[in-house]
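Subject: Structure handover

Hello,

Here is the structure for you to look over. My notes on it follow below.

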Amino acid sequence: MARKRKGNKVDGWLVIDKPYNMGSTKVVGKCRFLTKAQKVGHAGTLDPLATGILPIAFGEATKTIPFMMDAKKTYRFTVTWGEERTTDDIEGDVIETSGIRPTQDQILKALPDFIGVIKQRPPIFSAIKIDGKRAYDLARAGEALEMKEREVEVFDLKLLESDLQSATFEMECSKGTYVRSIGRDLARKLGTLGYISMLRRTKVGAFDESDTISLEKLEELVHSAPLEEWILNVVTVLDDILALAVTKDQADFLKNGGFIPSRELPASNRIGELYKAMHDDKIIALCELDEEFLKPVRVFNL
């Protein structure tokens with residue numbers, strides 16, 4: 001007999017505006033404490049010194065976290081010129097200085113080299129695992145690390161404003177892109193040195209800043225408003241996946257792992273697609289469609 005999970009059954013998404021100097025894991029812990037939810041997770045770690053969008057998944061929504069992890073992200077960040085630091089951000093120790101300050105024209109001319117599929121070397125103070133250990137733990141222990149280059153994609157990189165000491169940018173990028181590496185490498189490209197002095201994530205997939213709430217606001221909501229008024233539906237992050245309406249009998253069959261014959265579905269459905277099987281407004285399962293069957297690959301208990 002399965003052991004009953006302790007806590008409230010909460011299913012859906014919240015978009016927390018992560019505060020400065022607070023780790024993503026601590027935000028998850030705070031959300032769990034406030035909601036008393038059975039299961040909580042986050043989609044995409046933010047550095048403690050970064051602020052902005054941190055999508056929090058509750059209950060059955062945790063099954064959709066991979067879709068948020070793969071989503072495009074948008075960041076606003078400031079590069080301060082003249083210093084390179086151990087962490088490539090404001091928290092690190094200064095390891096080298098430069099008196100060179102790039103002009104706005106020089107910055108604009110350099111930006112195209114950082115758009116598209118590019119190679120970057122992650123910061124040594126990152127969560128990447130090396131021989132089973134986090135790079136930041138090895139770096140803090142004083143080990144010399146050689147981080148391997150990796151390919152990422154930058155869809156857009158814009159200069160928002162600049163002065164003699166710093167410049168602020170907006171970037172849309174793929175998962176795995178390190179903003180700190182972009183700032184460091186851009187400074188080097190301009191013949192100077194630089195580090196990230198401000199970092200804010202402004203968009204993750206379909207979520208933007210208009211969707212966010214603070215932890216303080218969450219504390220108010222859990223004491224004053226019904227759950228359905230502040231939690232976002234599980235399917236919110238699955239807008240890009242085609243919906244397929246199923247009957248009550250088909251929904252029950254899918255929930256028990258059953259395969260629905262393709263002949264029982266509309267002929268217009270495309271073979272090889274991933275579908276979200278829906279009954280009324282509730283998601284039943286994520287399914288793959290082949291020539292013979294609609295097969296559940298992820299079932300939701302809502």
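How much area does the protein chain expose, and what share of it do carbon and sulfur atoms supply? The exposed area is about 16,200 Å², and carbon and sulfur atoms account for 48% of it. Please keep in mind that this is a predicted model.

Overall composition

The protein chain has 302 residues, of which 48% are buried. Its secondary structure consists of 8 helices and 18 strands. Among contacts in the chain with a separation of 6 or more, 70% join residues 24 or more positions apart.

Nonpolar core

The largest nonpolar core contains 26 residues, and Phe77, Phe169 and Met171 are the ones that touch the most other members. Two or more residues each come from β4 (73–81), α3 (104–110), β10 (150–162), β11 (166–173), α5 (179–189) and β12 (194–204). As background, nonpolar side chains in soluble globular proteins tend to be buried together. Beyond four places in sequence, the residues that Met171 touches include Lys73, Thr74, Tyr75 and Phe77. Val154, Asp156 and Leu157 are also among them, as are Thr177, Val179 and Ile182.

Arg184

Helix α5 also holds Arg184. Is this residue buried or exposed? Arg184 has a relative accessible area of 7%, under the 20% limit, and therefore counts as buried. Its side chain makes a polar contact of 3.3 Å with the side chain of Asp88. A polar atom of the Arg184 side chain also lies 2.6 Å from the backbone oxygen of Arg121. With neighbours up to four places away in sequence left aside, Arg184 is in contact with Glu84, Asp88, Arg121, Pro122, Pro123 and Gly194.

Asp208

Asp208 belongs to strand β13 (residues 207–208). It is partly exposed, because its relative accessibility of 29% falls between the limits of 20% and 50%. The side chains of Asp208 and Ser210 are joined by a polar contact of 2.4 Å. Outside its neighbours within four places in sequence, Asp208 is in contact with Ile53, Thr202 and Lys203. The C-alpha atoms of Asp208 and Lys73 are 9.7 Å apart, with a sequence separation of 135 residues. Lys73 appears above as well, as one of the residues touched by Met171.

The five-stranded sheet

One open sheet has 5 strands in the order β14-β16-β17-β18-β15, and its pairing is mixed. Why is one side of β14 and of β15 left without a neighbour in the sheet? β14 (242–245) and β15 (260–261) stand at the edges with a single partner strand each, so each has one side without a neighbour there. β15 pairs with β18 (residues 293–299) over 2 bridges, in the antiparallel sense. Within this sheet, Ile260 stands opposite Leu294 in β18.

Positive phi values

Two residues other than glycine are worth listing for their backbone angles. Asn21 has a phi near 65 degrees and sits in the loop between β1 (12–18) and α1 (24–35). At 54% relative accessible area, Asn21 is exposed. Asp280 has a positive phi of about 60 degrees. Its loop runs between β16 (274–279) and β17 (282–289), and both of those strands are part of the sheet described above. Asp280 is likewise exposed, with a relative accessibility of 68%.

Regards

How values were computed:
Residues are numbered from 1 along each chain as its sequence is written. This is a predicted model: local features need pLDDT of at least 70, side-chain atom pairs count only at pLDDT 80 or more; totals for chains, interfaces and linings use all residues. Side-chain values use heavy atoms; hydrogens and water are left out. Two strands pair if DSSP finds at least two bridges between them. Helices (H or I, at least four residues) and strands (E, at least two) are DSSP runs, numbered from the N terminus. A nonpolar core is a set of buried Ala, Val, Leu, Ile, Met, Phe, Trp, Tyr and Cys residues joined through side-chain atoms within 4.5 Å. Buried means under 20% relative accessible area, exposed over 50%, partly exposed in between (1.4 Å probe, protein chains only). Contact means heavy atoms within 4.5 Å. A polar contact is a pair of N or O atoms within 3.5 Å; within protein, one must be able to donate a hydrogen and the other to accept it, and residues adjacent in sequence count only if both atoms are side-chain atoms. Accessible areas come from the Shrake-Rupley method with a 1.4 Å probe; for residues, only the protein chains shown count as cover.
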